[in-house]
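Biologist: I'm new to this one, so could you walk me through it? I'll keep asking how you know things.

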Amino acid sequence: MEQLLYEKDSYLILGKCMEVYNELGFGFSEVVYKDALQIVFEEDSIQFEREKNYGIKFRNRLLKRSYSADFVVMEKIILEIKSMSQITNADKQQCLNYLKVSGLKLALLVNFNKEKLEFKRYIM
């Protein structure tokens, strides 16, 4: 059986998302879950950056616009938080674009607005 990329670390992150979900439930806005996750990461000494900015290059020039990932955890995993009725192709593409501009290999997309926490893994 093939091992998942950053398996232990991604399960740890998803476990922290589940802690937040179990305590808050579903239906809050994205920023509420981001604020709660920040507290959990800080309390558990999990290294992260929130709203990490990534420049976008075109023909070796930096564009005026940039991407801002919700979290980069352990300097290697992008964590994108959603609170919506369903994950869309645009959300998937957003994660893939974050991976492209960051050079990282794994993005976790977590949706808190369901009766059961929903997540997807994207690998570049």
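**Helices, sheet and rings**

Modeller: Let's start with helix H2, residues 30-43, which lies across S1, S2 and S3 and runs at about 115° to S1. Keep in mind that this is a predicted model.

Biologist: What makes Lys-34 count as buried?

Modeller: Its relative accessible area is 11%, and buried means under 20%, so Lys-34 qualifies. Lys-34 has its place in helix H2. Leaving out residues up to four places away in sequence, Lys-34 touches Arg-50, Glu-51, Asp-70, Phe-71 and Ile-81.

Biologist: And the sheet: in what order do the strands come?

Modeller: The order is S1-S2-S3-S4-S5, five strands in an open sheet with mixed pairing.

Biologist: Why are S1 and S5 called edge strands?

Modeller: Strand S1 (48-58) and strand S5 (118-123) each pair on one side only. Neighbouring strands in this sheet are turned by 35° against each other on average, ignoring direction.

Biologist: What packs on the sheet besides H2, and which strands are touched?

Modeller: Helix H1, residues 7-24, packs on the sheet and touches S2, S3, S4 and S5. The direction of H1 makes about 20° with that of S4.

Biologist: What makes the pairing mixed?

Modeller: Go along the strands. S1 and S2 pair antiparallel over nine bridges, and in that pairing Gly-55 stands opposite Ser-66 in S2. Strand S2, residues 61-73, and S3 also run antiparallel, joined by three bridges. S3 and strand S4, residues 106-111, run parallel, joined by six bridges.

Biologist: How do you know that S2 and S3 count as a pair?

Modeller: Pairing takes at least two bridges, and three join S2 to S3, so the definition is met. One residue to look at is Ile-78 in S3, the bridge partner of Val-72. Ile-78 also has a bridge partner in S4, namely Ala-107.

Biologist: How does the chain get from S3 to S4?

Modeller: The chain crosses through helix H3, residues 89-102, and this β-α-β crossover is right-handed.

Biologist: And what happens between S2 and S3?

Modeller: There's a hairpin with three residues between the strands, and in it Met-74 takes a positive phi near 60°.

Biologist: What makes you call S3 mostly covered?

Modeller: Six of the six residues in strand S3, residues 77-82, are buried. In a regular strand the side chains alternate between the two faces of the sheet. On one side of S3 sit Ile-77, Leu-79 and Ile-81, on the other Ile-78, Glu-80 and Lys-82, and they are all buried.

Biologist: Now the aromatic rings. Why is the pair of Tyr-33 and Phe-112 called stacked?

Modeller: The planes of Tyr-33 and Phe-112 are 15° apart, and planes under 30 degrees apart count as stacked, so the word fits. The centres are 4.3 Å apart, and the limit for a pair is 6.5 Å. Tyr-33 lies in helix H2 and Phe-112 in the loop between S4 and S5, so the pair ties together parts that are 79 residues apart in sequence. Tyr-33 is buried at 0% relative accessibility, and Phe-112 is buried at 0% too.

Biologist: Why is the pair of Phe-41 and Phe-48 called tilted?

Modeller: Here the planes make 45°. Stacked needs under 30 degrees and edge-to-face over 60, so the pair of Phe-41 and Phe-48 is tilted. The centres of those two rings are 5.5 Å apart.

Biologist: How do you know that Phe-48 is buried?

Modeller: Phe-48 has 19% relative accessibility, and the cut-off is under 20%, so Phe-48 counts as buried. Phe-41 is buried with a relative accessible area of 0%.

Biologist: How many aromatic pairs does the count come to?

Modeller: Seven. Ring pairs also link Tyr-21, Phe-28, Tyr-33 and Phe-112 into a cluster.

Biologist: Last one: why is there no bond between Cys-17 and Cys-95?

Modeller: The closest cysteine sulfur to that of Cys-17 is in Cys-95, 12 Å away. A disulfide needs the sulfurs within 2.5 Å, so these two are too far for a bond. A search of the whole structure finds zero disulfides. Cys-17 is buried, with a relative accessible area of 0%, and Cys-95 counts as buried at 0% as well.

How values were computed:
Residues are numbered from 1 along each chain as its sequence is written. This is a predicted model: local features need pLDDT of at least 70, side-chain atom pairs count only at pLDDT 80 or more; totals for chains, interfaces and linings use all residues. Side-chain values use heavy atoms; hydrogens and water are left out. Buried means under 20% relative accessible area, exposed over 50%, partly exposed in between (1.4 Å probe, protein chains only). Helices (H or I, at least four residues) and strands (E, at least two) are DSSP runs, numbered from the N terminus. A crossover is right-handed if, with the strands pointing away from the viewer, the path from the first strand over the helix to the second runs clockwise. Axes are lines fitted to C-alpha atoms, for helices over the stretch in contact, and angles run from 0 to 180 degrees between N-to-C directions. Contact means heavy atoms within 4.5 Å. Rings of Phe, Tyr and Trp (its six-membered ring) pair if their centres lie within 6.5 Å; planes under 30 degrees apart count as stacked, over 60 as edge-to-face and the rest as tilted.
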